[in-house]
Amino acid sequence: MMKFRFRRQGADPQREKLKQELFAFNKTVEHGFPNQPSALAFDPELRIMAIGTRSGAVKIYGAPGVEFTGLHRDTATVTQMHFLPGQGRLLTLLDDSSLHLWEIVHHNGCAHLEEALSFQPPSRPGFDCASGPLSLARVTVVLLLAAGDLAALGTEGGSVFFLDVPTLTLLEGQTLAPDDVLRSVPDDYRCGKALGPVESLQGHLRDPTKILIGYSRGLLVIWNRAAQCADRIFLGNQQLESLCWERSGNTLVSSHSDGSYAVWSAGAGGSPVTQPTVATTPYGPFPCKAINKILWRNCASGDHFIIFSGGMPRASYGDRHCVSVLRAETLVTLDFTSRIIDFFTVHSTRPEDEFDEPQALAVLLEEELVVLDLQTPGWPAVPAPYLAPLHSSAITCSAHVANVPAKLWARIVSAGEQQSPQPASSASSWPITGGRNLAQEPSQRGLLLTGHEDGTVRFWDASGVALRPLYKLSTAGLFQTDCEHADSLAQAAEDDWPPFRKVGCFDPYSDDPRLGVQKVALCKYTAQMVVAGTAGQVLVLELSDVPSEQVVSVASVDLLQDREGFTWKGHERLSPRTGPLPWPAGFQPQVLVQCLPPAAVTAVTLHAEWSLVAFGTSHGFGLFDYQRKSPVLARCTLHPNDSLAMEGPLSRVKSLKKSLRQSFRRIRKSRVSGKKRAANANSKLQEANAQLAEQACPHDVEMTPVQRRIEPRSADDSLSGVVRCLYFADTFLRDAAHHGPTMWAGTNSGSVFAYALEVPAAAAGGEKRPERAVEAVLGKEVQLMHRAPVVAIAVLDGRGRPLPEPYEASRDLAQAPDMQGGHAVLIASEEQFKVFTLPKVSAKTKFKLTAHEGCRVRKVALATFASVACEDYAETCLACLTNLGDVHVFSVPGLRPQVHYSCIRKEDISGIASCVFTRHGQGFYLISPSEFERFSLSARNITEPLCSLDISWPRDTTRTSHRLRESPKLSQANGTPGVVLAPGSRDGSPGPARSKGADTPEPPEATLSPMSIDSATSADTTLDTTGDVTVEDVKDFLGSSEESEKNLRNLAEDEARACAILIK
């Protein structure tokens, strides 16, 4: 039972107000490519694009920085989407045949997306006027007519219904049943067969009364809505897949399930057309797969475009994902690496224009979006300013670099432009340019670095809403891999037909798993970086503006130090190439340090001012002087019983005998400790006293629970020697009078090693230090009593502030550290935070997170939080992410809890493991393999979409009466669930995400950012689930659910009351 004791009087109101000015939790924007896309739409007037997903999310994109996100109430797949041209409204069809109308509305000058109306088709028998019941329950295709005021719905039963879009109500008496069409069909074509589902509906660009209807059986009908009769009938016999109506209305193109397409003449005439003008199977004569979609676009030059997906020879290329572009005699087969969802062309849609003149082709794939410039010879790909596939190779690590100097930024951008130069003749630009970005230019540039499974490191512009790719560094060229010979054979064997052209950058297959990047570190002042990999490779690279050809120095560091009894059973090391190697402009490797055994690197840090790099694996850590290209130190951290560390991550060998032995030891320990904690005779009396004290205490006194008892960890646990963190600092280690360079290392068993370094000082004004050797001497060795893994180490100066980065103080880019007062070292383990004084290393203060909160530390970072109310006031705090997905913020060096928020679901282990904090109180974590969720803990430093869209409403007065209420969303701020109304709620208030500079900020329960909805994809992307569910977790969950149901019930009553008022 929890017992309570008095601690102190209630919190200081002044401090509480300051907390509101410093801290605020917001999920702001989702970076990357939407997970599992399922539908695509484009508005040619507003130049905006929409993508729907299988989880019911709707994302609208315009110019860089213009983004809107919506989420359907039900988790259903978005199967079709259609923009109402120029109105900023979007009609979505879900796989349950429900229709939803979304609106982009403006509040206080900023736009956001709201669901206005929804429509569930009736499914009672006989409603379809057809023989089969429940015919409307499955809508197969949607067509917008009359500038978006009317929608035609094709169904599985073969009927076509008409819907009034502004009200989403069915129009009675206008249903077109299959029998109405069959009356115009010759008897010999009917022969008792049904027409099948409606596969395609097409509208006439210049005559809105005409509709082209395509049935699955192959029948095509031009239906005149005004005359209620069929104008033309085309008696096709092949199963229909897709239709396209040329803009003049004189030509139809149909695609079929056998891989063929047919061109029909729709000129004047009353008799049914039995044969097409042209019928061809482009990749025949052997059986081909279906052509799923086809487009016809004409040009003033007379050469029209035919663009279609599928149709590949079934036996030889049936597994390819292709879009073919045919113009005159030119055929290009665009070969993609993931499934094709949909595609569209950017072309003229004004009725007065005679030709389409397509400018670009946009293809939405399951894993990326590719845009091709159709006006430039060769049809090159257009670089995307956003929506880049983060997971083109699986992400293995990430890091954030804040306040990047302008000079380094320009050099990285230049290196990226040299990697993918555009043709001189290309006038291509990104065609999706709708809306205006109202966000201010970022005050500082931020880089997000992602390491990948194929040995690449990608640089992303994370300064704003659009995550823009800048540069890609590849380390695979330094090593010999087994796949090169196979690739050359495959290329030689490939024929010239079909004319395949590889397009897109998504490539999930890694040449060699040992190439995977595990850790990255970048010095933004010297443009040097370290990339460490899975096979123990540590590369030191330097940025160069010109290509070069040079030899890379190779050195090895044995971390076992000839210790006997250990044999490495894991993978081999990568073999480096010999001789001079060509390197393009960008980061070029200077030194390769190979750890032995070649285990995955678990920690790395770089100090460019001292020209030192430290690295650690599961066996130990090393220190390397990359200026002299010589090792300085190697230390083995293995425990004598730690044989599991010798098997490696790619080894399948596991010791069953050892696992059983460890399990029995844990059981025996738990029994012994349980006996020691047996209840004594006075336990009932103590419980009664605790209850009396709880009843008698005043409400304004803060109570703290007695700490949980934490089982001590065994010294011989497996993988106890894994190095978790490394850190360089200029501080006091030997005595209190002299400070100097030090290196700190923390391990999985709670050990901390501190080394004093003798680094030759550089001459005054010089960049490089002398060539004398660096020496390292063990100064302190600390063993934490609870033996929890050490997650992070940081040294605080005399004022309690973190030490600046290398070169920051010497170049007057940061305030010089206080070297007069006593320094302290902050050691963060998985269970507690502790501050020790230096150089004595005596405990100063601590906070036992696991004992107080029942969770473990996963990620920590020191961040600066600026105040909203005062420009000059800021505090440095410790941000911590736990294994339950909560974010805690503590003061430094006092380690007092400030705020905590629920950020990530505790079951989302991959999201928690991928989290990275920034120096200014923001963070990123993966909500799917292709998307980062960005969040902010700072009340001032928030990156969120602020944009507007020029839209024209045909009827402003009628739309408000049909507005749906926003669905309630649960906020987990400070762990307290509450109903949050999104902007555009009943009172029409905008509900801003924050009030900058306001004296009385609104409580977090009443506000919500336009983009701060929980991701629609996060629920489906958990890689694993945790098993440590406690009784307290279940109670908390049940309590929050009851409160949520009560809030939802109250909201429903309010809505019913509001509807009753409208009816009166």
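A cavity is, on a 1 Å grid over the protein atoms alone, a set of points where a 1.4 Å probe fits but cannot get out, and its lining residues have an atom within 4 Å of a point. Grid points are joined across faces, edges and corners, and a volume is the space filled by probe spheres set on the points. By that reckoning, the second largest cavity of this predicted model holds about 50 Å³ of space.

The model is a predicted one, in which local features need pLDDT of at least 70 and side-chain atom pairs count only at pLDDT 80 or more, while totals for chains, interfaces and linings use all residues. Residues are numbered from 1 along each chain as its sequence is written, and side-chain values use heavy atoms, with hydrogens and water left out.

**The chain as a whole**

- The chain contains 12 helices and 67 strands, where helices (H or I, at least four residues) and strands (E, at least two) are DSSP runs numbered from the N terminus.
- Of its 1064 residues, 52% count as buried, buried being under 20% relative accessible area with a 1.4 Å probe and protein chains only.

**The second largest cavity**

- The structure holds 7 cavities of 30 Å³ or more, and the lining of the second largest is made up of Glu30, His31, Gly32, Tyr61, Glu67, Tyr386, Leu387, Val465, Ala466 and Leu467.
- This lining divides into 6 nonpolar, 2 polar and 2 charged residues, with Ala, Val, Leu, Ile, Met, Phe, Trp, Tyr, Cys and Pro counted as nonpolar, Asp, Glu, Lys and Arg as charged, and the others, Gly among them, as polar.
- Strand E2 (residues 23-32) gives the most to that lining, with 3 residues.

**Tyr61, one of the lining residues**

- Tyr61 belongs to strand E5 (residues 57-61), and it counts as buried because its relative accessibility is 5%.
- Beyond its neighbours within four places in sequence, Tyr61 is in contact (heavy atoms within 4.5 Å) with residues including Pro34, Ile48, Glu67, Tyr386, Leu387 and Ile432.
- Tyr61 and Ile432 lie 371 residues apart in sequence, yet 7.5 Å apart in space, C-alpha to C-alpha.

**The sheet that includes E2**

- An open sheet of 4 strands runs in the order E2-E64-E63-E62 with antiparallel pairing, two strands being paired if DSSP finds at least two bridges between them.
- Its edge strands are E2 and strand E62 (916-917), each of which pairs on one side only.
- E62 is joined by 2 bridges to the antiparallel strand E63 (residues 922-928), in which Phe924 is the bridge partner of Val916.

Conventions:
Buried < 20%, exposed > 50% of the residue type's maximum accessible area, 1.4 Å probe, protein only. 1 Å grid on protein atoms, 1.4 Å probe; cavity = no way out; pocket = protein on both sides within 12 Å on 5 of 7 lines; lining within 4 Å.
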